[in-house]
Amino acid sequence: MTRLTAKALIAVVFWPCLFFFWFLGPFVLFLLSTTSSEVCPLLETRAQFLAAANGTLPMLVMQTLIYAVPVVCLLLWNRLSPEPARARHVAICIKLFAVATTIGAIWDYGTSLTCDGYGRPFFSAAWQMTSYLPIVSLLINIPLYVLVFSLGRAYSTRDDITEDGVVHPSQENS
C-alpha cells in the first residue's frame, strides 16, 4: 500500500468522524448519557442517584472512544508523514483532547448525579458546580477543533501536487 493511498484512507475516516461525531455527536450522546428527566423525580435515595449516574459510565466510555477517532487519524497521518512542526501540534491536540474529555466526562457524570436540576441534597455542592463545566469545555474545544481541522486539512492534502496542479513524478510512487 502506498503512502498516498494510506493517507487517503485515513482521510476517508477522519472527515466524516470529525463532522458527525465532534460537531453533531455531543448533542446526541449528551441526551443518551444523562438520566432521563422523567426518571429524576422518581429518585429518592442516594443509592438510586448513584445507580443512575453509574449507569451512564458505559456511554461515557463509548463516547470517548468515538471522539478519539479523529485524534487517532492525526497520529496515523503523523506516522506516515513525520514533520516536527506538525508533530508538536498533534501533541497539543492530544493534550487538549485529554483535558476536554475529562471535563466532558465530569460534566456528564455530574449532570447525572444532580439529575438535571432535580438533585436532592445527597451530594456535595461541587457536583452541582459541574453545570459550569460546559463553559470551560467550550473554551478548550474551540482551539482543539480549529487545530484538528487545520491539521486534518494539511495532512489530507496531497503534498506531491504543486499549486498549479502538476504532480511531481518522483513522489508519486512513494
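Two helices count as oblique when the angle between their axes is neither under 35 degrees, nor over 145, nor from 65 to 115. Keep that in mind as we walk through this predicted model, starting with helix 3 and helix 6.

The axes of helix 3 and helix 6 (residues 133-156) come within 10 Å and cross at roughly 40°. That angle falls outside the parallel, antiparallel and perpendicular ranges, so the two helices are oblique to each other. As for handedness, helix 3 goes past helix 6 in a left-handed crossing. On the helix 3 side, the contact is made by L74, W77 and N78, while helix 6 brings V148, L151, G152, Y155 and S156. Sort these by class and you get five nonpolar residues, three polar ones and no charged ones.

Just past helix 3 sits S81, in the loop that leads from helix 3 (57-80) to helix 4 (84-114). Is S81 buried or exposed? Its relative accessibility is 14%, and buried means under 20%, so S81 counts as buried. Leaving aside residues up to four places away in sequence, S81 touches K7 and Y155.

Y155 turns up again among the aromatics. The whole structure has six aromatic pairs. One of them joins F19 and F149 edge-to-face, with 6.3 Å centre to centre and 75° between the planes. This pair ties together distant parts of the chain, since F19 is in helix 1 (residues 3-33) and F149 is in helix 6, 130 residues apart. Both rings belong to partly exposed residues: F19 has a relative accessible area of 37%, and F149 has 34%. Step back, and ring pairs link F14, W15, F19, W77, F149 and Y155 into a cluster.

Key
Residues numbered from 1 in each chain as written. Predicted model: local features only at pLDDT ≥ 70, side-chain atom pairs only at ≥ 80, totals over all residues. Heavy atoms only, no water. Helix = DSSP H or I, 4+ residues; strand = E, 2+ residues; numbered from the N terminus. Buried < 20%, exposed > 50% of the residue type's maximum accessible area, 1.4 Å probe, protein only. Contact = heavy atoms within 4.5 Å. Axes fitted to C-alpha atoms, helices over the stretch in contact; angles between N-to-C directions. Left-handed = near helix turned anticlockwise from the far one by under 90°. Nonpolar A, V, L, I, M, F, W, Y, C, P; charged D, E, K, R; others polar. Phe/Tyr/Trp six-rings, centres within 6.5 Å; stacked < 30°, edge-to-face > 60°.
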